[in-house]
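Colleague: I've got a model open and I'd like to learn how to read its features. Can you walk me through it?

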Amino acid sequence: MRARDLGIRIGRLEPGAANAITDVEGVHVGHTTLTEGESVRTGVTVVVPPEESLFAGAHRLNGNGELTGLEWIRDSGLLTTPVAITNTHSVGVVRDALVAAAEHGLDDDRWSLPVVGETWDGFLNDINGFHVKPEHVASALASAGRGPIEEGAVGGGTGMICHGFKGGIGTASRVVDGWTLGALVQANHGRRGRFRVDGAPVGERIGADRVPLPELDWDGGTGSIIVVLATDAPLLPGQCERLGRRAAYEAVIDAVEESILNALLAAETM
């Protein structure tokens, strides 16, 4: 179930064919989802760009979540690897696995600084069990495809909580003057009372008496979100960085907001 299946249209712009980041030509997405017993809820998601080197930019609203490889993007303005998202304590193994995957197609004197982001899934996952392995990254890369993509409690979003509901991976797209903008989120943030859907105070109306909040040590005051944007518009690195800022503040928020809602609608209960 997605937002538009329920008749919810956020903003005035039309989406692309799949209403996903994969509407941008050449962008592929793959997941590996790990669930085992009552304690393993994690995985990895990869966004594979269409070319080896693309103009790129980055923006952070605060220090969570962490991404590797951003200093090279800030210095060169180039993205030279896939973008992967996982849990906080698996960033290292996912980064190393992306380097290893790149080595198969690189000369001996080439190097790689992969972009890997994280959000914390330790409330629902045995995060110190280090369950994400190199083969799971390889599997996500091998499964990466175009068109509609799986959302909700999948890939890196498997163990996420968003606004006191089950969070995870969501995506959406918008077409602007013939150019396509796609967003993919790993949503793991927000207090219940702050949840809005196209301005409607949904979080205030669905209180803990109707849908209980998570137990354990979750207090709703922490968390983060990773947003990956892709576009076929001819943007320079500085413009890409500005676009990233708008993901938090301005027009791009329509696609991001719909991505978050799609993640929530697609996710399973905790």
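Colleague: Let's begin with E25: does it count as buried or exposed?

Modeller: Keep in mind that this is a predicted model. The cut-off for exposed is over 50% relative accessible area. E25 comes out at 59% relative accessibility, so it counts as exposed.

Colleague: Which residue does E25 form a salt bridge with?

Modeller: For a salt bridge, look for a side-chain nitrogen of Lys or Arg within 4 Å of a carboxyl oxygen of Asp or Glu. E25 pairs with R146, and their closest N and O atoms are 3.6 Å apart. E25 sits in the segment before strand 1 and R146 in the loop between helix 3 and strand 7, so the bridge ties together parts 121 residues apart in sequence. R146 itself is partly exposed, at 35% relative accessibility.

Colleague: How many salt bridges are there in the whole structure?

Modeller: A full search gives nine. One of them joins E258 to R4, with the closest N and O atoms 2.9 Å apart. That pair links distant parts of the chain, since E258 is in helix 6 and R4 is in the segment before strand 1, 254 residues apart. E258 is buried at 0% relative accessibility, whereas R4 is partly exposed at 22%. Another bridge is R95 with D96, at 3.2 Å from N to O. Shared partners also join R4, R174 and E258 into one network of salt bridges.

Colleague: Back to helix 6, then. What span should its 14 residues have?

Modeller: Count 1.5 Å a residue, and residues 253-266 should span 20 Å; the end C-alpha atoms are 20 Å apart, which agrees. The buried residues of this helix include A255, V256, E258 and L261.

Colleague: And K166, is that lysine buried or exposed?

Modeller: Buried, with a relative accessible area of 8%. K166 belongs to strand 8. Its side chain reaches the backbone oxygen of T158 at 2.9 Å, and a polar atom of that side chain lies 2.8 Å from the backbone oxygen of M160. For a long-range neighbour, check A267: the two C-alpha atoms are 5.9 Å apart, with these positions 101 residues apart along the chain.

Colleague: Last one, backbone angles. Which residue has a positive phi of about 50° although it is not a glycine?

Modeller: That's F130, in the loop between strand 6 and helix 3. F130 is partly exposed, with a relative accessible area of 42%. D177 also has a positive phi, near 55°. D177 lies in the loop between strand 9 and strand 10, and its relative accessible area of 74% makes it exposed.

Terms used:
Residues numbered from 1 in each chain as written. Predicted model: local features only at pLDDT ≥ 70, side-chain atom pairs only at ≥ 80, totals over all residues. Heavy atoms only, no water. Helix = DSSP H or I, 4+ residues; strand = E, 2+ residues; numbered from the N terminus. Expected span 1.5 Å × (residues − 1). Buried < 20%, exposed > 50% of the residue type's maximum accessible area, 1.4 Å probe, protein only. Polar contact = N/O pair within 3.5 Å; in protein donor to acceptor, adjacent residues only side chain to side chain.
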